[in-house]
Amino acid sequence: KFICGGGNLVGAFKSREDHRKQIELEEARKAGLAPAEVDEDGKEINPHIPQYMSSAPWYLNAEKPSLKHQRKWKSDPNYTKSWYDRGAKVFQAEKYRKGACQNCGAMTHDAKACMDRPRKIGAKWNNKHIAPDEKIETFELDYDGKRDRWNGYDPANYALVVARYEARDAARSRYVKEEQLKKLEEKNNSENPEEVSDEDIDDDVRVDEAKVDESKQMDFAKVEKRVRTTGGGSTGTVRNLRIREDTAKYLLNLDVNSAYYDPKTRSMREDPLPDADPNEKFYLGDNQYRNSGQAEEFKQLNIHSWEAFDKGQDIHMQAAPSQAELLYKNFKVNKEKLKTQTKDQMLEKYGNAASQDEIPKELLLGQSESQVEYDRAGRIIKGQEVVLPKSKYEEDIYINNHTSVWGSWWKDHQWGYKCCRQTVRNSYCTGAAGIKAAEAATDLMKANIARKEADDELPAPAEEKRMATWGTEVPDDLVLDEKLLAEALKKEDQRKREEKDERKRKYNVKWNDEVTAEDMEAYRMKKVHHDDPMKDFLH
């Protein structure tokens, strides 16, 4: 199995046990029981990030867990957010220059791209009113910069729009006041005041700011959602059930090193205020609910289902929860029965010391009020001798004429009897004679070993063997005949000539299988040794 990314990063083989431990570690990190994994920069990695995002590709050769492959790891070019300086001029010449615009005389463009009014006589011919050169700038923009519609926009220009709207509102408010004053004057100047009432005042002219604010505040607990259309279309109001008087748990402690809050699952495992008074705290962390109430019993139920499934039972907590709960109840009943049965058997076999009568203080403390007097020789003069308590095992029982028990002697990692120093149990005691015989046998064995080692150290004398010319041992009475040796040398030369040129070989060949000592000596003398450096100078 090859796993990329995270904790085992490139081509690391994992056994089943290591894979199980890795999964348990990931679950502990998600639960907040184990510290989060740290990348090579020392930053913690969110344990809830999926593996396909946290695993680095194999070609990056990542040695440590990191999220750099998810970030923009390529170096950005020198992008700029500046914009063209509109209307800026660089230089204004006094005379026409070669290559400049024939119409206005600027060097930064030609006559075809000139934006000035076409002159009757261009600057090239009358050499008057030379236009200044424009400021030419080039920017290297990124993808967003090229498509930004507001790039180069000056926010200070928006002050003009704000001022225009403020002037309109001020004019409207003045108009409203003037209209109200006119209405009031007409009401006061009229002969019948009852004819003009407050209802005649135009309701559209009135601006009740308090009423508007109240209407806005009434919808503080509503959330609008767009539903049932491709673009979002119609809106439906959904009541927000959050109680806004309660402080959010991630705001209880703003310390960076306090309890970790996971925004994805909205969970905070640990207590955000561990040092605060528990009577005043209303939130102690999510782990408190995991280890209290029926959560612990539910956890044990899941563990029992997993273990039962591993042992071969057809049980599944999610598929058949009622069956799993019933089997767990039966398991607890049988477990209690087994505990009670085991306890009864132990009490029946060894008894119950708690239910029996109290033990006398003399036995508990190991002392009594009785007084015993001894003489100088250790004999009892007055009182009664203290009886030593005996164990249930047999003591001081000697067998086979031994005067000591088995285990009173130890030598060379073996137990034995001290009286005769024998290491064979249930053997007959031999006494001092057996000890002397054993020592003599040991000394003899040591002497034999020493003699053998001395013999091994001396090398055996090598006998010189004289080898015969044909490979066998040379007999002491071997004598070579000079005449026969000369004839054998001639025969060897003739044989070699025939081997070089087969035309000199006769048709009627007589072959003799008998090889004499002189023939072997002649063959040895005429033989060419290929390893001999002087072979070219022989013969």
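The expected span of a helix is 1.5 Å times one less than its number of residues. The exercises below use a predicted model.

**Exercise 1.** Find out what span helix H9 should have, and compare it with the distance between its end C-alpha atoms.

Solution. Step 1: H9 covers residues 321–350, which is 30 residues. Step 2: at 1.5 Å a residue, the expected span is 44 Å. Step 3: the end C-alpha atoms lie 43 Å apart, so the two values agree. Step 4: look just past the helix, where glycine 351 has a positive phi of about 80°.

**Exercise 2.** Place arginine 421 and asparagine 426 in the chain and decide whether each is buried, partly exposed or exposed.

Solution. Step 1: arginine 421 sits in the loop that runs between strand E8 (414–416) and helix H11 (431–457). Asparagine 426 also belongs to the loop between E8 and H11. Step 2: the cut-offs are under 20% relative accessible area for buried and over 50% for exposed, with partly exposed in between. Step 3: the relative accessibility of arginine 421 is 40%, so arginine 421 is partly exposed. Step 4: asparagine 426 has 52%, and therefore counts as exposed.

**Exercise 3.** State the sign of phi at arginine 421 and at asparagine 426.

Solution. Step 1: most residues other than glycine have a negative phi. Step 2: arginine 421, not a glycine, has a positive phi of about 60°. Step 3: asparagine 426 has a positive phi near 65° and is likewise a residue other than glycine.

**Exercise 4.** Describe the chain by its secondary structure and its share of buried residues.

Solution. Step 1: the chain has 13 helices and eight strands. Step 2: of its 539 residues, 16% are buried.

Note on methods: Residues numbered from 1 in each chain as written. Predicted model: local features only at pLDDT ≥ 70, side-chain atom pairs only at ≥ 80, totals over all residues. Heavy atoms only, no water. Helix = DSSP H or I, 4+ residues; strand = E, 2+ residues; numbered from the N terminus. Buried < 20%, exposed > 50% of the residue type's maximum accessible area, 1.4 Å probe, protein only.
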